[in-house]
Amino acid sequence: MVRLSCGVQVTRITLAVLNILFVLFGLALLGFGIYLKVSKKFDVALSDHINAQIIGGKAIETVGVILIITGIFTILLSVFGCIGALFKKRLFLYLYAVILTILMVLELAAFITLMSSRVRVRDSYQSGLWEVFHDAYDNDRQDIIKQIEGLELEFECCGVNDSGDYLKVNRTIPDSCYKDKSKQTIFDEGCADAIIDWIWDELPVIGGIVGAIIFIEIFGVIASISLGVAISHYSFGEIYGSV
């Protein structure tokens with residue numbers, strides 16, 4: 001039986017508590033990812049008709065899926081770490097440290113990539129949405145037109161860039177572009193900007209959660225390796241002392 005000093009016992013308990021926090025953060029990521037996937041706005045912005053032709057839209061759609069997968073993986077990894085800490089399993093602790101380090105690097109890389117590609121995603125979504133808009137009205141595709149009007153109602157926007165887009169396709173401005181039934185005021189913002197801005201408004205929440213997780217993960221890696229080494233030393237001491 002491995003008997004550890006008080007300091008190492010504290011590290012062991014801290015690591016167990018840390019993994020409980022990981023479970024909570026994992027649930028937060030999972031919940032936020034599910035929110036993005038089931039949100040009416042997200043569903044309308046990335047409908048099958050529209051998203052199929054928008055590269056930027058596909059990139060945005062993956063955010064919710066990535067958060068869900070990361071949340072589930074974080075929860076499972078936390079259980080793995082708890083087993084290593086509570087049952088003093090060095091293999092579990094070392095594997096936990098390695099996997100946690102890889103996960104930490106991937107999370108940081110993914111977030112940096114997402115932030116650095118904001119302009120590219122915006123431009124891609126804007127150009128893609130314009131192609132969908134132009135094709136829908138030129139070919140009188142009522143299914144897609146209804147989707148576009150749904151975007152305008154949900155995001156309180158008009159056209160792709162502004163209401164002038166309807167003049168470019170020789171159409172009158174639809175009811176979905178007006179702020180009220182009197183048809184006196186038109187929404188100023190284009191739908192491309194409105195949708196992308198809504199997505200980016202959610203990023204601080206994602207960034208805060210990811211930042212907190214990475215900070216705790218660093219401590220988790222250090223604590224798990226330290227605990228594993230301590231258990232190894234104490235095990236060797238017991239074996240050496242019994243010889």
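**Aromatic contacts around helix α6 and the buried face of helix α7**

In this predicted model, the charged end of K168 is placed over the ring of W130, at 5.7 Å from the ring centre. W130 is in turn a member of one aromatic cluster, which it forms with F133, Y137 and Y166.

Five aromatic pairs are found in the structure. In one of them, the ring centres of F133 and Y137 lie 4.9 Å apart with the planes at 55°, an angle that falls short of the over-60 criterion for edge-to-face geometry, so the pair is classed as tilted. Both residues belong to helix α6 (residues 118–138), where they are separated by four residues, or about one turn of the helix, and both F133 and Y137 are buried. F133 also pairs with Y166, the ring centres being 5.0 Å apart and the planes at 75°, so this pair is edge-to-face. Because F133 lies in helix α6 whereas Y166 lies in helix α8 (residues 165–168), the contact ties together parts that are 33 residues apart in sequence. Y166, like F133, is buried.

Helix α7 (residues 142–155) comprises 14 residues and spans 20 Å from its first C-alpha to its last, close to the 20 Å expected at 1.5 Å a residue. Its buried residues are I144, I145, I148, L151, E152 and F155; viewed down the axis of α7, the buried residues fall within an arc of 110°, and they therefore line one face of the helix. K146 and L153, on the other side of α7, are exposed. Just after this helix, E156 adopts a positive phi of about 55°.

Definitions and conventions
Residues are numbered from 1 along each chain as its sequence is written. This is a predicted model: local features need pLDDT of at least 70, side-chain atom pairs count only at pLDDT 80 or more; totals for chains, interfaces and linings use all residues. Side-chain values use heavy atoms; hydrogens and water are left out. Rings of Phe, Tyr and Trp (its six-membered ring) pair if their centres lie within 6.5 Å; planes under 30 degrees apart count as stacked, over 60 as edge-to-face and the rest as tilted. Helices (H or I, at least four residues) and strands (E, at least two) are DSSP runs, numbered from the N terminus. Buried means under 20% relative accessible area, exposed over 50%, partly exposed in between (1.4 Å probe, protein chains only). A charge sits over a ring if NZ of Lys or CZ of Arg is within 6 Å of the ring centre and within 35 degrees of the ring normal. The expected span of a helix is 1.5 Å times one less than its number of residues. The arc is that of the directions from the helix axis to the C-beta atoms.
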